[in-house]
Structure formats: C-alpha cells, structure tokens
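Q: Could you walk me through how this one is packed inside? I'd like to go contact by contact.

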Amino acid sequence: MTESRSIPMLHFDDGSRIMIEGASSPSSDSSAPYPNINDANSNGRGKVPLELYYEIGRVAEEVVGKLDWTIAASRGRLLRRVTSSIKGDSKCEEHDVMNKSSEADDGFLCRIALQFPDELLVDASEVCWLMEEAISGVYKNKLMSQLDVFAEDEVEIPLKQELKDEIKKHVSQPPLVFILGDTTYGSCCPDDVAAQHLNANVLVHYGYACLSSPTENIPVVYCFGVSRLAIGIGGKYNSSGRVVIDENIWEDCVEKVLE
C-alpha cells in the first residue's frame, strides 16, 4: 500500500510560483519565509505614507510631460488646435490633420507601464489606482490651462466654450495604467522591452535603479522613493507632491545620519 501524500500547495509570492508539498499556509505559520502583506514594515516603503513615498503628484506631472504632444498624436492635434485658436490663426492645418498618426487612438488617454521591484509589489495595485487618477488630473489641467488666456468678450466666449467642450470629451477617456509582470532584466533596469510589447507611452520605474543603460526606445520616469528620514527632518510636500527641504535643515540631517 502506497503512503498517502498531502496535496501540494501553490503559493503566490512575488510573481514566482513555488510548489511545496505538505506545507501549511504562510499566513498561519509565523516562521514561514513569506512577508506579511499587511505589515507596513515588510516592504521597502516602511511606514512612509504611500502617496508621499511614491511621489504620486511629481511622477504624474513628469509622465504627462513626456507624452507625445506633437501632431502625430490626437492629444497633440487638440493642443495645436487650442493654441492656434488663441493666436487667432484661422487657417485650417490640413497637412497636420491628414498626417498619419504614429500613436493609435484606442480609447485611452495614454498607456503607462509601472515597474516595481519585488519588495514594493505589495503596493503596486494601490499605486496604480492613484497614478491613474493623478495622471487624469494633470492631463486635463494641461489642456484647460491653455484657455485661461482667452478674453471674456462676446466674440471669444463661444469659441472658448467650443474648445472646452472638445477638451472635456477628449479627457473623458481614462488613462490605461498597468503593472509589468516578470521583468526581462534585473529590477534595477527599466524593462523597456516589456513596456513596448504592451504599447506603453511612458514607463515609470520604482525603487533602486543602476542607471547604467540609458533607455532610448521609451521615455522613463524614475521614482526612488522618499525615505522616512526626509520627512523626519522636516521635509514638507507641496501641492505637486514634491519634497521641499529647507537648506537650514541639512545640519539636522547630518546629525541623524551620524546617530
């Protein structure tokens, strides 16, 4: 009679799959080598608030700035139409409109790939939602701010309203923000290959980066994470989510490092 064996359990950790025979659930065994995803100290962020550590505002601004705003993309043609109207250029840019777009209009404002190292994957899904909301806001503000120069007179009010309606219709599409799975290279290098396979417009790389190989195929925005030290010494965040540290605080920083 053959010895009965327990059913192997399949555990999902950081994207890799591990077959363990006769093992108990890692959540029920405190000695198991799996991080507790509910413990803020189990990842590289520690106790730093999520919005601050990942610099959501700053990264969203850089992402929108690195998008293709030329007439090759629909967003660029809309921006050109708005700025041309402001300058009073009534000529129809037929060449621009008929110029074949290099970026397909697929129902999304843009496609943004997020790359996380293993120790930060626990935050990936929440960061993804926050980035989607922040990118939508920055994107809309970039276009709407162009209308502020219009004079409030009877002639320009109808044109301004027409452009505003056109912008609102355009930004009603959401950005597609997604998380890259297993990376082709080490986590310190931007995986531009995987991002390009998914037609990403911009790649956001989180965590440590070696910066050894410049990426030319796709724009990359780096976020190294804001340490608890920067906040502890009096660092403050402005409306754009950037860390602002007064120059007089550097002495306190040195002291804390020496401690």
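Q: Which residues does Y206 touch, leaving out those up to four places away in sequence?
A: In this predicted model, Y206 touches Y54, V59, L114, Q115, F116, P117, L120, V127, M131 and C223, once residues up to four places away in sequence are set aside.

Q: And which residues have the most contacts inside the largest nonpolar core?
A: Those are I112, L114, M131 and Y206, in a core that has 39 residues. Two or more residues each are given to this core by helix 1 (50–53), helix 2, helix 3 (74–86), strand 3 (111–115), helix 5, helix 6 (156–171), strand 5 (202–206) and strand 6 (220–223).

Q: Which element gives the largest share of this core?
A: Helix 5 does, with nine residues. Another core, of nine residues, lies apart from the one just described, and F178, A194, A200 and V220 are among its members.

Q: OK, switching to helix 2: which of its residues are buried?
A: The buried ones are I56, R58, V59, A60, V63 and V64, and the elements that these buried residues pack against are helix 1, strand 3, helix 5, strand 5 and strand 6.

Q: At what angle do helix 2 and helix 5 pack?
A: Helix 2 (residues 56–66) and helix 5 (residues 124–144) pack at an angle of about 55°, and their axes are 8 Å apart. That angle falls outside the ranges for roughly parallel, roughly antiparallel and roughly perpendicular, so the two helices, helix 2 and helix 5, are oblique to each other.

Q: Left-handed or right-handed, that crossing of helix 2 and helix 5?
A: The crossing of helix 2 and helix 5 is right-handed. On the helix 2 side the contact is made by I56, V59, A60, E61, V63 and V64, and on the helix 5 side by V127, L130, M131, A134, I135, V138, Y139 and K142.

Q: How many nonpolar, polar and charged residues are in the contact of helix 2 with helix 5?
A: The contact of helix 2 with helix 5 comprises 12 nonpolar residues, two charged ones and no polar ones.

Q: You listed V138 in that contact; why does V138 count as partly exposed?
A: V138, which is found in helix 5, has a relative accessibility of 22%, and it counts as partly exposed because buried means under 20%.

Q: What is V138 in contact with, leaving aside neighbours within four places in sequence?
A: V138 is then in contact with A60, E61 and V64. As for G65, its C-alpha is 9.3 Å from that of V138, although V138 and G65 are 73 residues apart in sequence.

Key:
Residues numbered from 1 in each chain as written. Predicted model: local features only at pLDDT ≥ 70, side-chain atom pairs only at ≥ 80, totals over all residues. Heavy atoms only, no water. Axes fitted to C-alpha atoms, helices over the stretch in contact; angles between N-to-C directions. Helix = DSSP H or I, 4+ residues; strand = E, 2+ residues; numbered from the N terminus. Parallel < 35°, antiparallel > 145°, perpendicular 65-115°, else oblique. Left-handed = near helix turned anticlockwise from the far one by under 90°. Contact = heavy atoms within 4.5 Å. Nonpolar A, V, L, I, M, F, W, Y, C, P; charged D, E, K, R; others polar. Core = buried A, V, L, I, M, F, W, Y, C linked by side-chain atoms within 4.5 Å. Buried < 20%, exposed > 50% of the residue type's maximum accessible area, 1.4 Å probe, protein only.
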